[in-house]
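User: I'd like to practise reading a structure feature by feature. Could you walk me through this one?

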Amino acid sequence: QVQFLESGGGSVQPGGSLRLSCVTSVRTFSTYGVTWFRQAPGKEREFVAAIGRDGVDSDYVDSVRGRFTISRDNAKNTVYLQMDRLKPEDTARYYCAAYPDPYYGSNFKNPTEYGYWGQGTQVTVSS
């Protein structure tokens with residue numbers, strides 16, 4: 001069974017930074033892309049960022065582009081999400097997931113495409 005362990009969340013003031021980590025038990029990790037999603041109370045889980053298998057290609061939701069940076073270390077089976085200039089609307093629980101790269105599914109930005117999730121890590125941005 002595939003496992004994901006997210007960490008690095010916390011409480012910060014607006015404008016602050018956090019670095020999330022996602023360690024996965026996915027075998028042959030270097031053949032998978034990884035996505036970050038987030039879910040705020042009362043809202044649907046939404047796509048935040050994705051990184052391809054080799055760490056070259058990445059994509060972001062418009063609301064975080066220029067503030068968040070996704071990266072990966074294939075030797076450690078780990079993906080990171082550096083979050084800068086945090087805003088209150090970034091408050092949510094953050095989750096990671098993996099997809100085969102190349103992807104032949106419907107849409108890797110759709111959370112319903114994934115069958116395995118970790119517990120997530122809570123990010124709270126408040127003054």
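User: Leaving aside its neighbours within four places in sequence, which residues is Thr35 in contact with?

Analyst: Happy to help, and keep in mind that this is a predicted model. Setting aside the positions within four places in sequence, Thr35 is in contact with Phe47, Ala49, Ala50, Tyr95, Cys96, Ala97, Tyr99, Phe108 and Tyr114. One of these contacts has a polar side: the side chains of Thr35 and Tyr114 make a polar contact at 3.4 Å.

User: Where does Thr35 lie, and is Thr35 buried or exposed?

Analyst: Thr35 lies in strand 4, which covers residues 32-39. For burial, look at relative accessibility, where under 20% counts as buried. Thr35 has 0%, so Thr35 counts as buried.

User: Now the sheet around strand 4. What is the order of the strands in the open sheet?

Analyst: The general idea comes first: strands of a sheet pair through backbone hydrogen bonds, either parallel or antiparallel. Here the open sheet has six strands in the order 2-10-9-4-5-6, and the pairing is mixed. Strand 2 (10-12) and strand 6 (58-60) stand at the edges with a single partner strand each, so one side of each has no neighbour in the sheet. From one strand to the next, the twist averages 25 degrees.

User: How many bridges join strand 2 to strand 10, and do they run parallel or antiparallel?

Analyst: Strand 2 and strand 10 (residues 121-125) run parallel and are joined by three bridges. To find the register, pick a bridge: Ser11 has Thr124 in strand 10 as its partner.

User: And what about strand 1: which residues are on its covered face, and which on its uncovered one?

Analyst: In strand 1 (residues 4-7), Phe4 and Glu6 form the covered face, while Leu5 and Ser7 form the uncovered one. Strand 1 pairs with strand 3 (residues 18-24) in the antiparallel sense, over four bridges. Within that pairing, Glu6 stands opposite Cys22 of strand 3.

User: Which residue does a disulfide join to Cys22?

Analyst: That residue is Cys96, with an S to S distance of 2.0 Å. The two cysteines bring together distant parts of the chain, since Cys22 is in strand 3 and Cys96 in strand 9 (residues 92-100), 74 residues apart. For handedness, read the torsion about the S-S bond: for Cys22 and Cys96 the value is about 70 degrees, so the disulfide is right-handed. Cys22 is buried, with a relative accessible area of 1%, and Cys96 counts as buried too, at 0%. The structure holds one disulfide.

User: How many aromatic pairs does the structure hold?

Analyst: There are nine aromatic pairs. To classify a pair, check the angle between the ring planes: over 60 degrees counts as edge-to-face. For Phe37 and Phe47, the ring centres are 6.1 Å apart and the planes lie at 80 degrees, so the pair is edge-to-face. Phe37 is in strand 4 and Phe47 in strand 5 (residues 46-51), so this pair ties together parts ten residues apart in sequence. Phe37 is buried at 0% relative accessible area, and Phe47 counts as buried at 9%. Phe47 and Phe108 are likewise edge-to-face, because their planes are at 80 degrees, with centres 6.4 Å apart. Phe108 sits in the loop between strand 9 and strand 10, so that pair ties together parts 61 residues apart.

User: Is Phe108 buried or partly exposed, and which residues form the aromatic cluster?

Analyst: Phe108 is partly exposed, with a relative accessible area of 21%. One aromatic cluster is formed by Phe37, Phe47, Tyr95, Tyr99, Tyr103, Phe108, Tyr114 and Trp117. Among them are contacts of Thr35, including Phe47 and Tyr114, which takes us back to where we began.

Terms used: Residues are numbered from 1 along each chain as its sequence is written. Side-chain values use heavy atoms; hydrogens and water are left out. Buried means under 20% relative accessible area, exposed over 50%, partly exposed in between (1.4 Å probe, protein chains only). A polar contact is a pair of N or O atoms within 3.5 Å; within protein, one must be able to donate a hydrogen and the other to accept it, and residues adjacent in sequence count only if both atoms are side-chain atoms. Contact means heavy atoms within 4.5 Å. Two strands pair if DSSP finds at least two bridges between them. Axes are lines fitted to C-alpha atoms, for helices over the stretch in contact, and angles run from 0 to 180 degrees between N-to-C directions. A disulfide is a pair of cysteine sulfur atoms within 2.5 Å. Rings of Phe, Tyr and Trp (its six-membered ring) pair if their centres lie within 6.5 Å; planes under 30 degrees apart count as stacked, over 60 as edge-to-face and the rest as tilted.
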